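Visitor: I should like to learn how to read a protein model feature by feature. May we begin with the packing of helices?

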Amino acid sequence: MSWETVVGLEIHVQLKTRTKMFCRCPAGFGAGENTQTCPVCLGFPGALPVMNRTAVEWTIKLGLALGCAIAPRAVFARKNYFYPDLPKGYQISQYDMPSCTDGRMLVPMPEGELAVGIVRAHLEEDAAKTVHVGGHSGRIGGADYSLVDYNRGGTPLVEIVTAPDIRSAEEAKRFLQLLRQTVVELGISDAEMEKGTLRVDANVSVRPRGSDEMRTRCEIKNLNSFSYIARGIEAEAARQIEVWESGGEVRQETFDFDAGSGRLTPRRAKEEADDYRYFPEPDLVPVEPPAEMIERLRAELPEPPAARIVRLARALELERAAVLVTGGLDRLWEATVAAGADRLAAANVIANNLVGAGVDPGAVDAAELAKLVAARDRIPRQAFDEAIARAGDAGFAAAPYLAREAVSDASELDPLIDAVLAANPGQVAAFRGGKEGLLGFFVGQVMKETGGSANPRVVSDLVRAKLLA
């Protein structure tokens, strides 16, 4: 039987407001443990919450970017549960009356555009951070003890819930890359997965291909890299297929995914909404955004990343366009091409060399970069790499690097090439036996001997001619 994977996602985006959701404690990352707390975010009796206006506006702005309807009246509720990272014993969250509903994001894929429904985007406060000490995975299983840092408790969080419209790990990964880029470009979150400011839960089920039934789903919690998300979804789908094909039945459970071992570890049986005993938060007024606020926020929206991928794919192939857009590199690419650079060469230099050197694309002068792109086969590789590494410096000029001409004189290169071929007779025989991929090995050896000062294209031509002689 052929199986189809069905995925819905819950994404938590931590907003980068200056203060927390319901108090004036700083909401930044990296301070000493338990140094950013007060009676409100620690849940002391009698402490009352005061709503963060910026967090409300940013949630609406995100909802507009996701094509959602903005509720004329949203209400906060108390979601009751007892964890050590939740000192009040409840989380303030929007429940049945969220700020944003019924959106849609289009995701360009090689097979065409994938439409992912956005069920809701609601605002809530984050829980504190539990640190499990000991063990090998950082999870509670096998840990010696656990500690709680309440700094994160009460920071504003938007939870985005998608419809189960995703059919593969690759689709989930591309959707999340686009969503992350959207959030970053809106300026409402750093969305850094390694810091936990963007966290993903994946709800996964499988069904016979061609069926429209919805079988039991299981949840994988707190996935914190695009690669782990894809691998976790593939692992859970494979597990469920094995259960169904062996005559068993999938139970609704929550899992942790260990990226090191690739294994899924049961966490708990899934709670239902009824278990949380939601009721309206009595200390907060409803959110009733005025129309002029919504229109002001709508006017501030940038061109969506998905639309830019489609536009760039008219000049580049889709995957290369997606790499540029989801990496926040496309605007530099467009400026570099406008300055005269070849489209494909500029894309390769920006996505590979510039990113590899850790250069901030926002600090690069596109006109100077265009000069480097045009000269990359003419100047020594060492000079090119040095120039790329400095391309983000204030006042960077390409001219000094362009003046360093690469060695293209065959009379200088021939002895070095002969020496490299003589030192590697086995590889020479293999090349002449059909392994033409070894050409790069010989070119690399010659470039190494010249300290990167030779013209690689000339070296390649000379080496090939000698091997085929």
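Visitor: In this predicted model, at what angle do the axes of helix H1 and helix H4 cross?

Guide: A helix pair is read from the distance between the axes and the angle at which they cross. For H1, residues 53–65, and H4, residues 291–299, the axes come within 9 Å and cross at roughly 60°. H1 is therefore oblique to H4, because an angle counts as oblique when it falls outside the ranges for roughly parallel, roughly antiparallel and roughly perpendicular, the last of these being 65 to 115 degrees. The crossing of this pair is right-handed.

Visitor: Which residues of H1 and H4 meet?

Guide: From H1 the contact takes in Arg 53, Glu 57, Ile 60, Lys 61 and Leu 64, and these meet Met 293, Ile 294, Arg 296, Leu 297 and Arg 298 of H4. Sorted by class, the contact of H1 with H4 holds 5 nonpolar and 5 charged residues, with no polar ones.

Visitor: How is helix H2 oriented relative to helix H3?

Guide: One again begins with the axes. H2, residues 169–186, and H3, residues 226–245, have axes 9 Å apart and pack at an angle of about 150°. H2 is therefore roughly antiparallel to H3, since angles over 145 degrees fall in that class. H2 passes H3 in a right-handed crossing. On the H2 side the contact consists of Ala 169, Ala 172, Lys 173, Leu 176, Gln 177 and Arg 180, which meet Phe 226, Ile 229, Ala 230, Ile 233 and Glu 234 on the H3 side. The residues of this contact divide into 7 nonpolar, 1 polar and 3 charged.

Visitor: Let us turn to the strands. How many bridges join strand E5 to strand E6, and in which direction do the two run?

Guide: Strand pairing is read from bridges between the strands. E5 and E6, the latter comprising residues 112–125, run antiparallel and are joined by 9 bridges. The two strands form a hairpin, with 2 residues between them. As an example of the register, Cys 100 stands opposite Ala 121 in E6.

Visitor: Which residue of E5 is the bridge partner of Ala 69?

Guide: The partner of Ala 69 in E5 is Thr 101. That bridge belongs to the pairing of strand E2, residues 69–70, with E5, residues 100–109, an antiparallel pair joined by 2 bridges.

Visitor: How many residues of strand E4 are buried?

Guide: Burial is judged by relative accessible area, with buried meaning under 20%. In E4, residues 90–94, 5 of the 5 residues are buried, and the strand is mostly covered. Tyr 90, Ile 92 and Gln 94 point one way from E4, while Gln 91 and Ser 93 point the other way, and all of them are buried. E4 runs antiparallel to strand E3, residues 76–80, and 5 bridges join the two. Within that pairing, Phe 76 has Gln 94 as its bridge partner in E4.

Visitor: What is unusual to look for in the backbone angles, and where does it arise here?

Guide: Most residues other than glycine have a negative phi. Asp 102 has a positive phi, near 55°, and is not a glycine. Asp 102 is found in strand E5. Asn 222, likewise not a glycine, has a positive phi of about 50°. Asn 222 is placed in strand E11, residues 218–223.

Visitor: Why does Asp 102 count as exposed, and why is Asn 222 partly exposed?

Guide: Asp 102 counts as exposed because its relative accessibility is 62%, and exposed means over 50%. Asn 222 is partly exposed because its relative accessible area is 30%.

Visitor: With which residues is Leu 462 in contact, leaving aside its neighbours within four places in sequence?

Guide: Those contacts are with Ala 410, Leu 413, Asp 414 and Ile 417. Leu 462 itself lies in helix H15, residues 456–467. The C-alpha atom of Leu 462 is separated by 63 Å from that of Ala 55, and the two residues are 407 residues apart along the chain.

Visitor: Finally, how should the chain be described overall?

Guide: The chain contains 15 helices and 14 strands, and its C-alpha trace spans about 85 × 60 × 45 Å along its principal axes. Of its 469 residues, 47% count as buried. Among contacts in the chain with a separation of 6 or more, 68% are between residues 24 or more positions apart.

Notes: Residues are numbered from 1 along each chain as its sequence is written. This is a predicted model: local features need pLDDT of at least 70, side-chain atom pairs count only at pLDDT 80 or more; totals for chains, interfaces and linings use all residues. Side-chain values use heavy atoms; hydrogens and water are left out. Helices (H or I, at least four residues) and strands (E, at least two) are DSSP runs, numbered from the N terminus. Axes are lines fitted to C-alpha atoms, for helices over the stretch in contact, and angles run from 0 to 180 degrees between N-to-C directions. Angles under 35 degrees count as roughly parallel, over 145 as roughly antiparallel, 65 to 115 as roughly perpendicular and the rest as oblique. A crossing is left-handed if the near helix is turned anticlockwise from the far one by less than a right angle, and right-handed if clockwise. Contact means heavy atoms within 4.5 Å. Ala, Val, Leu, Ile, Met, Phe, Trp, Tyr, Cys and Pro count as nonpolar, Asp, Glu, Lys and Arg as charged, and the others, Gly among them, as polar. Buried means under 20% relative accessible area, exposed over 50%, partly exposed in between (1.4 Å probe, protein chains only).
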